[in-house]
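The following dialogue is a tutorial on reading a structure. A learner asks about one feature at a time, and a teacher replies.

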Amino acid sequence: MPDTPYLVAAVLVSAAVTWGLRALPFAALGRLRASRTVGYLQSRMPAGIMVILVVYCLRDLPVTRTAVLAPLAALAVTVGVHLWRRNAPLSILAGTAVDVALASTVFAH
Amino acid sequence: MHISPPVGRDASPSMAVPPSRSPSEARAALRDSASVGLGFVPLGVAFGVLVAHSGIDWWWATLSSALVYGGSFEFLLIGLVTAAVPLASIAVSAFLVNVRHVFYALSFPLDRVRGRLGRAYGTFALCDEAYALTAGERARAWSGRRILWLQLFMHLYWAGGATAGALLGSLVPDRVQGLDFALTALFTVLALEAVRDRRGDLPTPVLALLGALAARLLFPGSLLLAAFALFTAGLLARHLTTKDNPRHA
């Protein structure tokens with residue numbers, strides 16, 4: 001296990017970077033709002049960034065083994081439940097439950 | 001349209017808001033935060049359990065959830081610290097994962113939040129879900145105080161869930177796998193909602209998906225950076241070509 005100073009420093013570094021990214025743009029707000037290009041990016045980035053983050057989460061899928069079926073089934077359930085009920089917590093719980101159930105039993109390693 | 005807040009009961013702008021006003025604002029914020037809480041608490045618990053299963057002490061889950069307060073990055077951070085990655089790499093990763101927050105300044109109603117401390121906390125706790133709830137149509141009439149209460153409740157759900165998960169983590173057997181899928185599921189849901197908000201703008205998610213897959217194949221070591229760069233370049237190229245093309249006018 002990593003030592004305590006390193007663990008604390010990792011949190012402090014991450015917190016500083018994250019807060020900076022959340023707070024500093026407000027200082028440049030006037031100029032940002034004036035730019036049409038930024039406006040174009042701003043309206044489209046959230047959808048794309050979320051898609052990229054989903055791919056990132058699934059980057060290490062074991063595509064050559066049957067264990068890949070657990071996250072794929074869970075993903076299908078998440079999307080299906082969300083399109084059906086449009087209830088975010090329910091979709092997250094359902095998808096995670098499927099992944100935990102399959103990965104811990106049928107596809108346990 | 002700017003809707004001015006109702007001029008109420010006591011008008012003493014220079015004075016601090018009397019505490020008697022807080023409970024109703026807090027109650028309203030508690031109601032607004034309920035749906036996010038249903039997602040944050042289990043996700044926080046999943047985070048805490050993962051921390052415990054990674055062999056890290058429970059207090060680290062509390063520290064990270066309270067100070068970093070960026071759910072997606074915190075899940076990644078577990079893997080980074082267990083691999084003892086250098087601090088500079090952690091800083092770069094935090095930047096890459098959280099750089100999307102830069103765009104939240106465009107529509108988060110910070111102008112309604114009063115006071116240096118309030119504004120500091122408002123930006124500190126500006127997570128995706130806080131942005132999603134407060135930048136919408138429904139929040140148009142919310143006061144700064146109500147927004148801060150809402151952010152505080154969400155912060156508490158996350159930190160509370162993480163702490164509980166880390167403390168109880170040892171009770172969850174090691175062979176329970178797959179809890180980290182909660183993060184994939186959260187992003188999937190946020191992606192579906194964001195794509196739905198774009199109404200028919202399919203090229204945007206397709207561009208992002210292509211960028212991410214290309215990054216996965218070509219730059220597996222720096223997937224996020226490569227994917228964001230390819231996606232942004234694609235958007236800019238599309239912006240330039242549509243500007244030159246009067247079809248859309």
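The dialogue begins with conventions and then turns to the chains, their interface and some individual residues.

Q: Which conventions apply to this model?
A: This is a predicted model, in which local features need pLDDT of at least 70 and side-chain atom pairs count only at pLDDT 80 or more, while totals for chains, interfaces and linings use all residues. Residues are numbered from 1 along each chain as its sequence is written, chains are lettered from A and ligands numbered from 1 in the order in which they are written, and side-chain values use heavy atoms, with hydrogens and water left out.

Q: How is confidence read, and which elements of chain A have the lowest and the highest mean pLDDT?
A: The score called pLDDT is the predictor's confidence in each residue, from 0 to 100. Chain A averages 88, and 94% of its residues score at least 70. Among the elements of chain A, the lowest mean, 68, belongs to helix 2 (residues 29-34) and the highest, 96, to helix 1 (residues 4-23).

Q: How are helices and strands assigned, and how many does chain B have?
A: Both are DSSP runs numbered from the N terminus: helices are H or I with at least four residues, and strands are E with at least two. Chain B has 10 helices and 0 strands. Chain A has 5 helices and 0 strands.

Q: What does "buried" mean, and what percentage of the residues in chain B are buried?
A: A residue is buried under 20% relative accessible area, exposed over 50% and partly exposed in between, using a 1.4 Å probe and protein chains only. In chain B, buried residues make up 45% of the 249 residues. In chain A, 46% of the 109 residues count as buried.

Q: How is a contact defined, and what percentage of the contacts in chain B with a separation of 6 or more join residues 24 or more positions apart?
A: Contact means heavy atoms within 4.5 Å. Of the contacts in chain B with a separation of 6 or more, 73% are between residues 24 or more positions apart. The corresponding value for chain A is 38%.

Q: How is an interface described, and how many residues of each chain are in contact?
A: One may count the residues in contact: 90 of chain B with 67 of chain A. One may also give the buried area, which is the accessible area (1.4 Å probe) that two parts lose on being put together, summed over both. Here that area is about 7,000 Å², with carbon and sulfur atoms giving 77%.

Q: Which side chains meet in a salt bridge?
A: A salt bridge is a side-chain nitrogen of Lys or Arg within 4 Å of a carboxyl oxygen of Asp or Glu. The rule finds 1 across the interface: the side chains of Arg86(A) and Glu193(B) meet at 2.8 Å, N to O. On the side of chain B that touches chain A, the largest share, 16 residues, comes from helix 8 (residues 181-197) of chain B.

Q: Where does Thr78(A) lie, and is it buried or exposed?
A: Thr78(A) lies in helix 4 (residues 69-85) of chain A and is buried, with a relative accessible area of 0%. Not counting residues up to four places away in sequence, Thr78(A) touches Ser91(A) and Gly95(A), as well as Phe181(B), Ala185(B), Thr188(B) and Val189(B). The backbone oxygen of Ala74(A) lies 2.7 Å from a polar atom of the Thr78(A) side chain.

Q: Which residues of chain B is Pro89(A) in contact with?
A: Leaving aside neighbours within four places in sequence, Pro89(A) is in contact with Ser35(B), Leu38(B) and Gly39(B). Pro89(A) is found in helix 5 (residues 88-104) of chain A, and its relative accessible area of 10% makes it buried.

Q: What is the usual sign of phi?
A: Most residues other than glycine have a negative phi. Tyr69(B), however, has a positive phi near 50°. Tyr69(B) is in the loop between helix 2 (58-67) and helix 3 (71-82) of chain B, and counts as buried at 2% relative accessibility. Arg199(B) also has a positive phi, of about 40°. Arg199(B) lies in the loop between helix 8 and helix 9 (203-218) of chain B, and counts as exposed at 72% relative accessibility.

Methods
Polar contact = N/O pair within 3.5 Å; in protein donor to acceptor, adjacent residues only side chain to side chain.
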